[in-house]
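I opened a new page for this entry. Below is what I looked up, step by step.

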2 protein chains.
Amino acid sequence: MALLVQKFGGTSVGTAERIEAVAEKVRGFRNEGHDVVVVVSAMSGETNRLIALASSIMEEPAPREMDVLVSTGEQVTIALLSMALQKLGCDARSYTGSQVRILTDSMHTKARIKQIDEQRMRKDLNAGRVVVVAGFQGVDEHGNITTLGRGGSDTTAVALAAALKADECQIYTDVDGVYTTDPRVVDSARRLEQITFEEMMEMASLGSKVLQIRAVEFAGKYNVPLRVLSSFKEGEGTLITFEEEIAMEQPVVSGIAFNRDEAKVTISGVPDTPGSALSILKPVSDANIGVDMIVQNVGEDNRTAFTFTVHRDDFNRAKSVLQRVSDELGARGVSGDTKIAKVSIVGVGMRSHAGVATKMFEALSVEGINIQMISTSEIKISVVIDEKYLELAVRALHSAFELDKPGVEETL
Amino acid sequence: MALLVQKFGGTSVGTAERIEAVAEKVRGFRNEGHDVVVVVSAMSGETNRLIALASSIMEEPAPREMDVLVSTGEQVTIALLSMALQKLGCDARSYTGSQVRILTDSMHTKARIKQIDEQRMRKDLNAGRVVVVAGFQGVDEHGNITTLGRGGSDTTAVALAAALKADECQIYTDVDGVYTTDPRVVDSARRLEQITFEEMMEMASLGSKVLQIRAVEFAGKYNVPLRVLSSFKEGEGTLITFEEEIAMEQPVVSGIAFNRDEAKVTISGVPDTPGSALSILKPVSDANIGVDMIVQNVGEDNRTAFTFTVHRDDFNRAKSVLQRVSDELGARGVSGDTKIAKVSIVGVGMRSHAGVATKMFEALSVEGINIQMISTSEIKISVVIDEKYLELAVRALHSAFELDKPGVEETL
């Protein structure tokens, strides 16, 4: 008799048949006696179709009108899913973001949720209805339609779960859970029964894209138990939960994340004076270039070098901004490399275990992989290596930390 | 410096290019200094696409969910048209029915407008913006999305014009006005500069489908000057206005309407007692069959015959209902004919002119056309004839009443 918020993405509702399959799944939970709120995305392809229509009229349409346009995508899905549920004898009612009332700020196309009125949904749940809500959208205080940005449906689901104090927020996707690493790279990658919010955040931001990072943040902030499951396969998925409860049983390392979207840029021979980091990074951020890792090396002659990673798309812009900075500061020069990859080990267990870094570096060294940059946080260690060694590094680390063996949570 | 409400239907906004053409047209009016509120339908084909999606899930979906679904069609158009206007430098803002707030009753898929809040539109107009409103939709007092039924966009336009006390409500269609009769039947059919509401009502209900009849009723009730124009051609269109102002200048007959959607059913040898009409027509209306013309002939032996017309789709049902009635009443029997057509002459001038019926019957008689039924009202005379003579009858009447010659209003 739990209250569940379930979110189904675009692929899961891509056709009328798939919408009917979602309705079957939801009915299963209803038959077990659970209350269900369903959040859906637009049918796959629909948002792109609408954006193409807008593009055929003008290149940069007003964000307010874009939101009016693209929010129709989810509205179509909520109506169709409600019909499919009713066909199965499940009483259901659809709500747009505005109808629920999911109040957001007025930042069209990337609005943030400020408040959710759960009264209407509660009334329907009490009357035995399934509540079907359009993800990704809301309304500002002036009644304008807003959207939360792509992938915002996850955030909607988590926000509704928080407002309703749901027992669980279930995100149905095309993967059946969070894995120790990408199964396409490591055959023996294993689905995790559970993972902490912090680990999930690191995994998501590092490139293991299962959930929207904003949704995970939101879930963490409001203590919403979050579960990732497959729309197409049966299974328990992966529960994302709170460190405090499970840290004791966690393995040292939970997963290996990686990405190859980044490039590194180095400015060397920078006079080592207070404020030099600021004078280098401010022009970069002023140019709207996001910086990921930042490493400063101590050098000789009171000179130092900064290396940081940016998205590969921003590589050339970053280099030319830095060349200007280099000239101004009298630094030695700027160099860069796009053929890099970032590999990270993630695990809350690191906090209480020494020697994790040593083990990581050893595993890479055994394979003859040179480490170009290192960056650490409380629960992860990231290294930058030559892109061509990426798969080799991930497999070596996966094996070194015994991620192919069942974790503690499964042996209990 | 007028305030205009302009409505563009599905064909007029069927593609991105056509939406841009509508924007150009609207900008023309803005440049002349007019304030403009634009009402749009869904892009042609879109409503049918959405209905097909629903049908693929279930045959008779809940009306509430149908409204959530199909109302997205107009929402797409308002966003695209606002973008197209902004591209031309016309500040514009889109509103759904719910956002305006077009308050309706809760009769989903055929709701009626109860109240319109014009404050928000007024504010935009005062700020120099074009207001773009989704036709065909509204919201009930509980916040549920409603639709007015097919063609309801005309009604939306008229209702907004009434609420804003607009100077004119302009309905852009694929015809360039109201004609004396269907130009496909009579080559010399002429566009009318103006027509009265009453005549327009008769013309519309009789099959000259230019405007939704509910929109015309609404315009009449709230004294909204209504003009029908072409989206694609330049021209003044036809102004639909109030009898009081122009009756003096009106020709006797303004137009010839016709339809071939009806069938006639006769029940004969009915005992001529009080209540016999009721005992015949009540079972028909109980069977949800709409009746158009009703004619009762006096017969012999205290017996009488009733003939009436129904839609051809209802012909078989009507006949079997009447057969039952005939048996119960001891009438002689039931007969019917689907190969009929109805032709009507319409004109407010009839009120003050005698001999119009005579002239009509004479024109038909000259062509050897037998009249099967006659029905008259203050401003129209309808006859039922053999379907095969329909075109001939329309041409004969068009010529007899000199409709191919310019009317008085053009010679003034």
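**The axis and the two chains**

I began with the rotation axis and asked which residue of chain A comes closest to it. It is A:T72, with its C-alpha at 2.7 Å from the axis. I note here that this is a predicted model.

Next I looked up the rotation itself. Chain A superposes on chain B after a turn of 180 degrees, with 0.1 Å of shift along the axis. The RMSD of that fit is 0.2 Å. The two copies are therefore related as by a two-fold rotation axis.

**Where the chains meet**

How many residues does each chain bring to the contact? I found 42 from chain A and 42 from chain B. I then checked whether they belong to matching surfaces. Of the interface residues of chain A, 100% are also interface residues in chain B, so the copies meet through the same surface.

I turned to area. The size of an interface is often given as the accessible area lost when the parts come together. Between chain A and chain B, about 3200 Å² is buried. Carbon and sulfur atoms give 61% of that area. In chain A, the residues that lose the most area to chain B are A:I57, A:E65 and A:M83. Together they make up 22% of what that side buries.

**Pairs across the interface**

I looked for charged pairs next. Side chains of opposite charge can pair when their charged atoms come close. The rule finds 2 salt bridges across the interface of chain A and chain B. I noted one salt bridge between A:E46 and B:R49, whose closest N and O atoms are 3.7 Å apart. I also looked up polar contacts, and the count between the two chains is 16 residue pairs.

Which elements of chain A give two or more residues to the side that touches chain B? I listed α1 (16-31), α2 (46-57), α3 (63-87) and β3 (92-95). Of the elements, α3(A) gives the most to that side, with 17 residues. I sorted the residues of this side of chain A by type: 22 are nonpolar, 12 are polar and 8 are charged.

**Chain A as a whole**

I stepped back to chain A. I counted 14 helices and 20 strands in it. Its radius of gyration is 24 Å, close to the 22 Å that the globule rule gives for 412 residues, so chain A is as compact as a globular protein of that length. Along the principal axes, its C-alpha atoms fill a box of roughly 75 × 55 × 35 Å.

**A tie within the chain**

Over all chains, the structure holds 43 salt bridges. I picked out the one between A:E387 and A:R312, where the closest N and O atoms are 3.5 Å apart. A:E387 lies in the loop between β20 (380-386) and α13 (390-400), and A:R312 in the loop between β16 (303-311) and α11 (315-329), so the pair ties together parts that are 75 residues apart in sequence.

**Backbone exceptions**

Last, I checked the backbone. Most residues other than glycine have a negative phi, and most peptide bonds are trans. A:V100 and A:R101 are joined by a cis peptide bond, with omega about 10 degrees. I placed A:R101 in the loop between α4 (97-100) and β4 (102-104) of chain A. A:F136 is not a glycine, yet it has a positive phi of about 80 degrees. I found A:F136 in the loop between β6 (130-134) and β7 (137-139) of chain A.

Conventions. Residues are numbered from 1 along each chain as its sequence is written. Chains are lettered from A and ligands numbered from 1 in the order in which they are written. This is a predicted model: local features need pLDDT of at least 70, side-chain atom pairs count only at pLDDT 80 or more; totals for chains, interfaces and linings use all residues. Side-chain values use heavy atoms; hydrogens and water are left out. Copies are superposed by least squares on the C-alpha atoms of residues with pLDDT of at least 70 in both. Contact means heavy atoms within 4.5 Å. Buried area is the accessible area (1.4 Å probe) that two parts lose on being put together, summed over both. A salt bridge is a side-chain nitrogen of Lys or Arg within 4 Å of a carboxyl oxygen of Asp or Glu. A polar contact is a pair of N or O atoms within 3.5 Å; within protein, one must be able to donate a hydrogen and the other to accept it, and residues adjacent in sequence count only if both atoms are side-chain atoms. Helices (H or I, at least four residues) and strands (E, at least two) are DSSP runs, numbered from the N terminus. Ala, Val, Leu, Ile, Met, Phe, Trp, Tyr, Cys and Pro count as nonpolar, Asp, Glu, Lys and Arg as charged, and the others, Gly among them, as polar. The radius of gyration is taken over C-alpha atoms; the globule rule is 2.2 Å times the number of residues to the power 0.38.
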